[in-house]
Amino acid sequence: MRSIIPFNDGWLFAPADVQANVSDSQFEMVTLPHTNKVLPYHNFDNMEYQFISTYRKRFKLPEVRNGRRVFIDFEGAMIASEVYLNGAKVGDNEGGFTPFSFDITDQLLESGENLLTVRLDSTERPDIPPFGFVVDYLTFGGIYREVNLRYVEPVYVQDAFARTKDVLTANPYVEVDITLANTSGTGQKYSLSVGIDGGQESTKNDLQVSGGSQLITITLPAKGIELWSLQNPKLYSFSVSLRDSASQQIDSVEFQLGFRTAEFRKEGGFFLNGEHLKLMGLNRHQTFPYIGAAASARLQRKDADIIKNELGCNIVRTSHYPQSRHFLSRCDEIGLLVFEEIPGWQHIGDSDWQGISLRDVEAMIMRDRNHTSIIMWGVRINESQDNTEFFTATNALAHKLDPTRPTGGVRNFPESQFLEDVFTYNDFSNSIIEPINQPHLVTEFNGHMFPTKSFDQEERLIEHALRHARVQDKQMGMPRVSGAIGWCAFDYNTHKEFGSGDMICYHGVMDMFRLPKYAAYFYESQISPEVRPVLRAATIWSMGDRSTGGNDPLTVFSNCDEIELFVGRDLIGRYQPDRAQFPNLAHPPFTVPGLNLWLTWGGKLPYLHIVGYYKGEKVAEQKIDCSPLPEKLLLLPDDCELNADGADMTRLVFKIVDQYGNRLPYAIKVIEFEIEGPAELIGDNPFPLVGGQAAFYVRAKHETGTVTIRAKAQGLPDAETTILIK
Ligand code: GAL
């Protein structure tokens, strides 16, 4: 039988190209996912992580082999790996975003200690995508995703790809393409079955599996299934099971799958399960402050939750590379559509480079084609020049590996050659251009046109939010546009050629810590009020922050159908969503004009009080004081329990808030942290807080127990929180 053994613990790491005779004492003990260098969240030199490092792992075979083959599966290492076992090379890999595996059976010592060595080159190798020219993001370094040891019988299931059919009819079914591998050289008879949880199963008997690999398709009826949708992302567990001629089970593989149809129609528009759906989303980079791309499964999953539930998006683009399986699985589970694309950024290299890119297409699709949330493959190098031969090949490969999904190719000039199924276009016109080709999907807008920091002046934060609102409003009114995916969800670290000079592109609707700017409130306000009411005034409520002073007009992002606005106890008025400016949004922002008639420069400014109504009922309210005083330091962990596996991590947000719980957006304070118990804090300590909010990560060690974290800031009561490590 198959065994999959997580292989993330007990690695030795040296930040150098170390010879085999150097002793382990020169190494540090680490757990994967691992970043080759913990960095400050900004103001660093990207050469700090660009080096060759050496990872070692000494291990005894955790299970007896019993004739099985043993593979080592790397989920992602940045960016070129050479792997050795007991001094012999087992293989190498070029590319940092897709998995790679080696059969290590012949080099393994069955008893006694094995030494696995990875020589990892994390420099920006011009021969490997996305590199060769400049790139507006950092890739960081390290074995930054998980590693597994996989045992399989000589005949085993190498791959299973399920295609749902006739999903919207009374007789839906699934075709499962199963690739069996035979490494034994002998031919026996096998039987193969596929089952869906809750009942139905289909079997093929007497299969002759000759050497090499063989594709077998099994059809399975799926009557009575529930559809996968954004509101009800129902997933079914599939199990594939392989038996030998003695009916002995020798392999089994499980995966999750939902039943849905997803189509971009030529006449325009995207349809999920036959129903028209306007796509509204944001781009996501996979990087985080301090830890680069080496985020735990929990942080990956949390990002999907944030994009769907905090930002109300229905789609995310994994700009500009395949992202963690944990992120994608969470998208499947919660109903967040995904547009996934190959690594690249504007530059196309020589034919060897293009060869690696084609391998990226293959590795991405082979890894991810059972993810129900994925609706399209991006097979053009983001914003590159036309290249007929190369992109004809990437498209053909994608269609061959997955005939069920369309391709897109993200471009930034409208006259570019259209070789894909969907015309995916980065539209920086500050509006939406009239589609030339159909179907048309906007894959980026805003971004560098209006970088905005969460601690910028309120006027800029409002304009940033309104630019997102205007483009989304525009696309909602254009039936031939399938949707718009803004640039971008979160601020991200970048090269010095981009960004604000401190190695950050402040293009996110949230900051790097995934904390909201006003633009995040715009997206959040598009959530249905049936899900939850949203009421967010885009103001710090003072008379002197805007260029000409005052608060006119006041913008409120809300999904309520009416708001009531008070200044102090005085009712100023009742307002409806601003349909004049935003005729197409489900929930237009509220624009409250003329406030300066009540409030004068030099006059008294009482607090702001807004009450939100939905269907005549009061559902939300917000108060903002004009003289906020720092009252509390809040420590807010996303999770109160972590696993004692040395890798599990959660975000710990800290904030300075006033008497109404509002963040003080210009608060600057040094905060000191103490931690007790089996976990570590990742982040700068003491932390020079700017803008009233930031975050750390808490990483569990290998022991269980209670972790107490304390934060101190001058003039404020200490804050304390606990996390249980189980
Ligand atoms: C695009 C690019 C993105 C990002 C964005 C900034 O051209 O595809 O990666 O750089 O600009 O607005």
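These notes go through the domains, pockets, cavity and some strands of a predicted model.

1. Domains. The chain is divided into five stretches: domain 1 (3-152), domain 2 (155-257), domain 3 (278-524), domain 4 (535-624) and domain 5 (632-725). Between the C-alpha centres of domain 2 and domain 4 there is a separation of 57 Å.

2. Largest pocket. The largest pocket holds about 2000 Å³ of space. It is lined by 48 residues, and the closest to its centre are Pro 99, Gln 158, Asp 159, Met 366 and Arg 367. Helix α3 (residues 351-368) makes the top contribution to this lining, giving eight residues. By residue class, the lining of the largest pocket has 20 charged, 15 nonpolar and 13 polar residues.

3. Second largest pocket. About 800 Å³ of space is found in the second largest pocket. Its lining is made of 34 residues, of which Pro 516, Tyr 521, Arg 536, Lys 655 and Arg 663 are the closest to the centre. Four elements give two or more residues each to the lining of this pocket: α6 (518-524), β31 (535-537), β37 (617-624) and β40 (649-657). The most comes from α6, with four residues. The lining of the second largest pocket counts 16 nonpolar, twelve charged and six polar residues.

4. Cavity. How many cavities of 30 Å³ or more are there? The count comes to one, and the largest cavity has a volume of about 40 Å³. Its lining consists of Phe 288, Leu 299, Lys 302, Asp 303, Ile 306, Arg 514, Asp 638, Arg 651 and Tyr 697. Helix α1 (residues 297-310) supplies the largest share, four residues. Five of the lining residues of the largest cavity are charged, four are nonpolar and none is polar.

5. Position of the cavity. Where does the largest cavity lie with respect to domain 3 and domain 5? Residues of both domain 3 (278-524) and domain 5 (632-725) contribute to its lining, so the largest cavity lies between these two domains.

6. A three-stranded sheet. The strands β11, β12 and β15 form an open sheet in the order β11-β12-β15, with antiparallel pairing. The edge positions are taken by β11 (155-165) and β15 (212-221); each has a single partner strand, so one side of each is left without a neighbour in the sheet. From one strand to the next, the twist averages 20 degrees. Ten bridges link strand β12 (residues 173-182) to β15 in the antiparallel sense. Within this pairing, Gln 214 in β15 is the bridge partner of Leu 180.

7. Strand β44. Is strand β44 (residues 693-700) mostly covered or uncovered? It is mostly covered, with eight of its eight residues buried. Gln 693, Ala 695, Tyr 697 and Arg 699 point one way from the strand, while Ala 694, Phe 696, Val 698 and Ala 700 point the other way, and all are buried. Tyr 697 is also one of the residues that line the largest cavity.

8. Partners of β44. The antiparallel pair β40 and β44 is joined by seven bridges. In this pairing, Ala 694 in β44 has Phe 654 opposite it. Strand β42 (residues 679-682) also pairs with β44, in the antiparallel sense and over four bridges. Here Arg 699 in β44 has Glu 680 opposite it. Strand β40 appears in point 3 as well, as one of the elements that give two or more residues to the lining of the second largest pocket.

9. Strand β43. Strand β43 (residues 687-690) has two unlike faces: Phe 687 and Leu 689 make up the covered one, and Pro 688 and Val 690 the uncovered one. Strand β41 (residues 668-676) pairs with β43 in the antiparallel sense over four bridges. Pro 688 in β43 has Val 670 opposite it.

10. Tyr 41. This residue is found in the loop between β3 (28-30) and β4 (52-59). Why does Tyr 41 count as buried? Its relative accessibility is 15%, and buried means under 20%. The C-alpha atom of Tyr 41 is separated by 7.9 Å from that of Gly 683, although the two residues are 642 residues apart along the chain.

How values were computed. Residues numbered from 1 in each chain as written. Predicted model: local features only at pLDDT ≥ 70, side-chain atom pairs only at ≥ 80, totals over all residues. Heavy atoms only, no water. 1 Å grid on protein atoms, 1.4 Å probe; cavity = no way out; pocket = protein on both sides within 12 Å on 5 of 7 lines; lining within 4 Å. Points joined across faces, edges and corners; volume = space filled by probe spheres on them. Nonpolar A, V, L, I, M, F, W, Y, C, P; charged D, E, K, R; others polar. Domains from an automatic or database assignment. Pairing = 2+ DSSP bridges. Axes fitted to C-alpha atoms, helices over the stretch in contact; angles between N-to-C directions. Buried < 20%, exposed > 50% of the residue type's maximum accessible area, 1.4 Å probe, protein only.
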